[in-house]
Amino acid sequence: MDIFAIIVAALFADNFVLSRFLGICPFLGVSKKVNSAVGMGIAVTAVMVITCAVCYPLYVYLLVPLGLEYLEILVFILVIASLVQILEMVLKKFSPGLYSAMGIYLPLVTTNCAILGVAELVIGTVAENTEGAFHMVDVIFGHRVNMWYAYSYGSAVVSGLFYGIGFTLAIVLLAGLRQKADKLHVAKALKGFPITMLAACFMAMAFYVFTLV
Amino acid sequence: MKLQRFKEIALDGTVRQNPTFRLVLGTCPTLALTTAAISCLGMGAAVTFVLICSNIIISLLRNIIPDKVRIPCFIVIIATFVTLVRMFMEAFLPDLYDVLGLFLPLIVVNCIILGRAESFASHNPVLDSACDGLFMGLGFTCAITLMAIVREVLGSGKLFGITLWEGFSIAFFANQAGAFLTFALFIAIFNVCYNAVERKLKHRAAHKAVEAENKAAAEEA
């Protein structure tokens, strides 16, 4: 798939939050302030890139040849959970400054559906049915296997990166809107989640335009 | 389990702590799948099944799982049941499997399930946890199906896939922005109704207490 097409799709037309509805919980929960939104966005992007980079070879060279595709959910979620743990430890050891800025968001990333979503979407069996998937016959562990890949390794990692940046874009924009909206007088029933979702509604309308192009 | 406790769990799961409208958890499938009521029923059933099973297992293991690694343990248990549901659906309900698509594996990271494991099943007996799973699942199913009915009728003029009005559709409600708007309005309306009922019940309870006091005072006299 064309890299440029992936980038534009991941950032705007196919934005994870606003058009695919993945990662809505942090989108609504950690968007009170722009600073925390940026921290969450960076944490999600980092974990997404590493997830794609690690899960892709695991799936393609281990699960598919062994015929264990049905274990993908378990494998992906375990990889994500341990990755987050390792990232947390590494940050704590080597860059305490970054850890204190980003550390509190990392545990939340494990249960963020955007991460598992990108793994399933870019790598897992879900990708088989998408258009543009290419077919490959390979011999691994002495078995001849038919394989369907929607993405090559490079484009899987790049799409992980840009889906993450798309998430960051959406959450930072919403945080900006919310900071303004907090100063307004709104009806009591709309306070909290409803008014945030109305803001998200207008953002979704704006992003919807990209899908028409 | 006492009847009183059962009633409490049932009311908590479906109304007082409704996972969708009160706790605002599991928002991703809520927003994404509510364009068709049928797929919401399927999703609700899948989530309810996973919720009951994972609650039972986690409740059984609650004294064995060490506190430090509880989250990975919970996730593995949940992922196992999600894999089961996924295989079952792929084999027996291929149409539903295609419609739910990505959101079927994503039940693993649905915050309702992990939330109930963490806040209920990990320190309550088995039967209570099973009931909690059932009613939380029911609350979720009812909430998303209600939303889906509104969005399906307005967005495509259909209800459960049956055309009600030929040619009627407001595309806004079928796409992403409509999902956010409908959800926002549903939460607002639900909370207004809930608060009104709560106030009335409190008022009635206070009234009853005063009456009982008066009665006691009269009897004393």
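Axes are lines fitted to C-alpha atoms, for helices over the stretch in contact, and angles run from 0 to 180 degrees between N-to-C directions. Helices (H or I, at least four residues) and strands (E, at least two) are DSSP runs, numbered from the N terminus.

This is a predicted model, where local features need pLDDT of at least 70, side-chain atom pairs count only at pLDDT 80 or more, and totals for chains, interfaces and linings use all residues. Residues are numbered from 1 along each chain as its sequence is written, chains are lettered from A and ligands numbered from 1 in the order in which they are written, and side-chain values use heavy atoms, with hydrogens and water left out.

**Exercise 1. Describe how H7(B) and H9(B) pack.**

Step 1. Locate the helices. H7 of chain B covers residues 126-156, and H9 of chain B covers residues 176-220.
Step 2. Read the geometry. Their axes lie 11 Å apart, at an angle of about 130 degrees.
Step 3. Classify the angle. Under 35 degrees counts as roughly parallel, over 145 as roughly antiparallel, 65 to 115 as roughly perpendicular and the rest as oblique. H7(B) is therefore oblique to H9(B).
Step 4. Give the hand. A crossing is left-handed if the near helix is turned anticlockwise from the far one by less than a right angle, and right-handed if clockwise. H7(B) passes H9(B) in a right-handed crossing.

**Exercise 2. Treat two helix pairs of chain A in the same way.**

Step 1. Take H3 (residues 34-66) and H8 (residues 153-181) of chain A. Their axes come within 8 Å and cross at roughly 165 degrees. So H3(A) is roughly antiparallel to H8(A).
Step 2. Add hand and chemistry. The crossing of H3(A) with H8(A) is right-handed. Ala, Val, Leu, Ile, Met, Phe, Trp, Tyr, Cys and Pro count as nonpolar, Asp, Glu, Lys and Arg as charged, and the others, Gly among them, as polar. The contact of H3(A) with H8(A) has 22 nonpolar, seven polar and no charged residues.
Step 3. Take H8(A) and H9(A). Their axes are 10 Å apart, at an angle of about 130 degrees. H8(A) is therefore oblique to H9(A). This crossing is right-handed.

**Exercise 3. Outline chain B and judge the confidence in it.**

Step 1. Count the elements. Chain B has nine helices and two strands.
Step 2. Put them in order. From the N terminus on, they run α-α-α-α-α-α-α-β-β-α-α.
Step 3. Give the extent. The C-alpha atoms of chain B fill a box of roughly 75 × 50 × 25 Å along the principal axes.
Step 4. Check pLDDT, the predictor's confidence in each residue, from 0 to 100. Chain B averages 88, and 100% of its residues score at least 70.
Step 5. Find the extremes among its elements. Strand E2 (residues 162-163) of chain B has the lowest mean pLDDT, 81, and helix H3 (residues 37-60) of chain B the highest, 93.

**Exercise 4. Describe the largest pocket and the cavities.**

Step 1. Fix the terms. On a 1 Å grid over the protein atoms alone, a cavity is a set of points where a 1.4 Å probe fits but cannot get out, and a pocket is an open set with protein on both sides within 12 Å along at least five of seven lines; lining residues have an atom within 4 Å of a point. Grid points are joined across faces, edges and corners, and a volume is the space filled by probe spheres set on the points.
Step 2. Start with the pocket. The largest has a volume of about 680 Å³. Its lining holds 30 residues, with Pro107(A), Leu108(A), Thr111(A), Ile71(B) and Leu114(B) nearest the centre. By class, the lining of this pocket has 19 nonpolar, six polar and five charged residues.
Step 3. Count the cavities. There are two of 30 Å³ or more.
Step 4. Describe the largest cavity. Its space is about 80 Å³. Residues lining this cavity include Cys25(A), Cys113(A) and Met43(B).
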